[in-house]
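Reader: Please take one part of this model and go through it closely, starting with any empty space inside. After that, I would like to know what else can be said about the rest.

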Amino acid sequence: MAVTAQVEFTAEELLADAPTAEPLLAGGVRCHGGFDDQGRYVSPRTRFRVPAIEAWQQRHVELFAKPVVDVPLETWGDNFPNVEQARYLIGAGVPEPLIATLTRIGTVEGYGANIRLLKPSNLQRFFVEDIRGSAIDHLGRGLFEAHGRDEAGWEPEPGRLEAGHKDMWFAARDIAFENPTTGLDVAAMLERMGFGQGAPPGLEAPRQLPADVDAELEFMVTLMIRVLFIEVSAFHTFRWAEAWLSDADLVAGEGEAARLVSYIRADETPHVAYLATAITELRDRTWLGDDGTKHDGAEMIDTLWQHLLAASLGPNRQASRQAVVGEVEHWCRQRPNGDDLLAEFHSLG
Ligand SMILES: [Fe+2]
Ligand SMILES: [Fe+2]
């Protein structure tokens with residue numbers, strides 16, 4: 001059945017919204033997505049994108065008899081700080097580290113839009129097997145662009161912004177803490193957490209694959225795997241944020257901030273799905289080097305996968321933990337009982 005399902009889509013189709021009855025507004029800002037006539041949230045750009053991903057997955061399984069790659073959420077541990085630590089800080093009158101964390105998450109979401117800069121075309125030359133009717137063949141024809149728009153928003157016409165995840169996290173923060181950034185130096189906060197001027201760190205990595213494999217192909221697949229790991233591990237962050245942002249006794253907004261996070265979470269599902277699909281398709285194909293040398297796709301993907309998973313579970317996780325600890329210390333130390341606050345914070349970890 002799947003082989004006869006539609007597997008060719010235009011970029012316009014992959015970027016098309018499903019019909020909605022009401023737009024999504026976050027703190028007065030017009031966002032992507034909306035609500036159907038039952039009041040259920042509808043993620044942006046899912047009219048064709050979601051059925052397309054399902055069709056590509058089914059087709060792949062039928063043609064290659066291999067399953068779509070699965071990335072268990074349990075690969076990563078719970079969010080740091082945990083829910084109790086978040087509650088403790090807010091209750092103790094030190095909300096700034098949470099404000100900083102929500103700002104950091106929104107900023108990282110915005111960086112996720114960099115994937116739209118890849119714009120690959122003519123990827124067939126890198127593979128032995130046909131790529132027509134696959135997610136790979138649609139990466140540069142709608143999929144990366146849809147992903148980028150979801151993360152950072154876009155302007156459907158000049159001057160009219162349709163906000164994405166970056167601004168939705170900032171809105172959640174501003175709703176929960178009642179516009180806290182008016183009295184805070186956000187730039188200094190981001191600087192302390194390791195965000196300098198310019199591009200996000202770590203995009204220029206040494207090559208992992210054989211030298212005859214196209215460098216831009218390796219760069220693209222590296223970014224895809226890295227983003228897939230970020231996307232999956234982010235579900236821990238959503239669960240964490242929704243747990244305390246939904247508490248009307250703890251933060252402002254009567255649960256509105258948590259609802260915004262639940263919409264962001266819904267939007268991430270097609271991101272995980274299309275990346276997992278395309279990575280699977282890459283894994284099960286034969287790659288062609290510059291000189292025509294053939295490489296087993298499973299080896300190529302496994303090499304990058306192991307390398308990036310180690311980085312995600314090791315130094316990347318450590319760095320983000322350190323950024324949070326630094327911010328907690330920075331703000332607790334400005335209180336007269338800072339050492340007690342810190343000791344209690346860590347004891348809840
Ligand atoms: Fe996102
Ligand atoms: Fe995402």
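Author: A helix here is a DSSP run of H or I with at least four residues, and helices are numbered from the N terminus. The model is predicted.

The closest look goes to the enclosed space. Rolling a probe the size of a water molecule over the atoms shows where empty space is left. In the whole structure, the search finds 1 cavity of 30 Å³ or more. The largest cavity holds about 50 Å³ of space. Its lining is made up of Trp56, Arg59, His60, Leu63, Phe64, Gly133, Ser134, Glu281 and Arg285. Which helix gives the most to this lining? Helix 2 (residues 49–64) does, with 5 residues. By character, the lining of the largest cavity is split into 3 nonpolar, 3 polar and 3 charged residues.

An open space can be set beside this enclosed one. The second largest pocket has a volume of about 170 Å³. Leu118, Pro120, Ser121, Leu123, Arg125, Phe126, Asp214, Glu216, Leu217, Phe219 and Met220 line this pocket. Of these residues, 7 are nonpolar, 1 is polar and 3 are charged.

Next comes the metal site. The iron ion (ligand 2) is coordinated through OE atoms of Glu151, Glu231 (listed twice) and Glu268 and through ND1 of His271, at 1.9 to 2.4 Å. Along the chain, the donors of this ion follow the spacing E-x79-E-x36-E-x2-H. A distance of 3.2 Å separates the iron ion (ligand 2) from the iron ion (ligand 1), and Glu151 coordinates both. Glu151 lies in helix 5 (residues 139–152) and His271 in helix 9 (residues 256–283), so this pair ties together parts that are 120 residues apart in sequence. Glu151 and His271 are both buried.

Helix 11 (residues 338–347) shows how burial can be arranged on a helix. Its buried residues are Gly338, Leu341, Leu342 and Phe345. These four are on the same side of helix 11, because they cover an arc of only 95° around the axis. Asp339 and Asp340 are exposed and sit on the face turned away from that buried side. Among the elements covering the buried residues of helix 11 are helix 3 (83–91) and helix 10 (297–332).

Helix 10 also contains Ser312. Is this residue buried or exposed? The cut-off for buried is under 20% relative accessible area; Ser312 has 13%, so it is buried. Leaving out neighbours within four places in sequence, Ser312 is in contact with Trp76, Phe229 and Arg317. Ser312 and Arg226 are 86 residues apart in sequence, while their C-alpha atoms are 8.0 Å apart in space.

Phe170 can be described along the same lines. This residue is found in helix 6 (residues 165–176). Phe170 counts as buried because its relative accessibility is 18%. With residues up to four places away in sequence not counted, Phe170 touches Leu102, Thr103, Gly106 and Thr107. Thr107 is 63 residues from Phe170 in sequence, and the two are 8.8 Å apart, C-alpha to C-alpha.

Methods: Residues are numbered from 1 along each chain as its sequence is written. Chains are lettered from A and ligands numbered from 1 in the order in which they are written. This is a predicted model: local features need pLDDT of at least 70, side-chain atom pairs count only at pLDDT 80 or more; totals for chains, interfaces and linings use all residues. Side-chain values use heavy atoms; hydrogens and water are left out. Buried means under 20% relative accessible area, exposed over 50%, partly exposed in between (1.4 Å probe, protein chains only). Helices (H or I, at least four residues) and strands (E, at least two) are DSSP runs, numbered from the N terminus. The arc is that of the directions from the helix axis to the C-beta atoms. Contact means heavy atoms within 4.5 Å. On a 1 Å grid over the protein atoms alone, a cavity is a set of points where a 1.4 Å probe fits but cannot get out, and a pocket is an open set with protein on both sides within 12 Å along at least five of seven lines; lining residues have an atom within 4 Å of a point. Grid points are joined across faces, edges and corners, and a volume is the space filled by probe spheres set on the points. Ala, Val, Leu, Ile, Met, Phe, Trp, Tyr, Cys and Pro count as nonpolar, Asp, Glu, Lys and Arg as charged, and the others, Gly among them, as polar. Donors are N, O and S atoms within 2.8 Å of the metal (3.2 Å for Na, K and Ca); water is not among the atoms, so sites may look incomplete.
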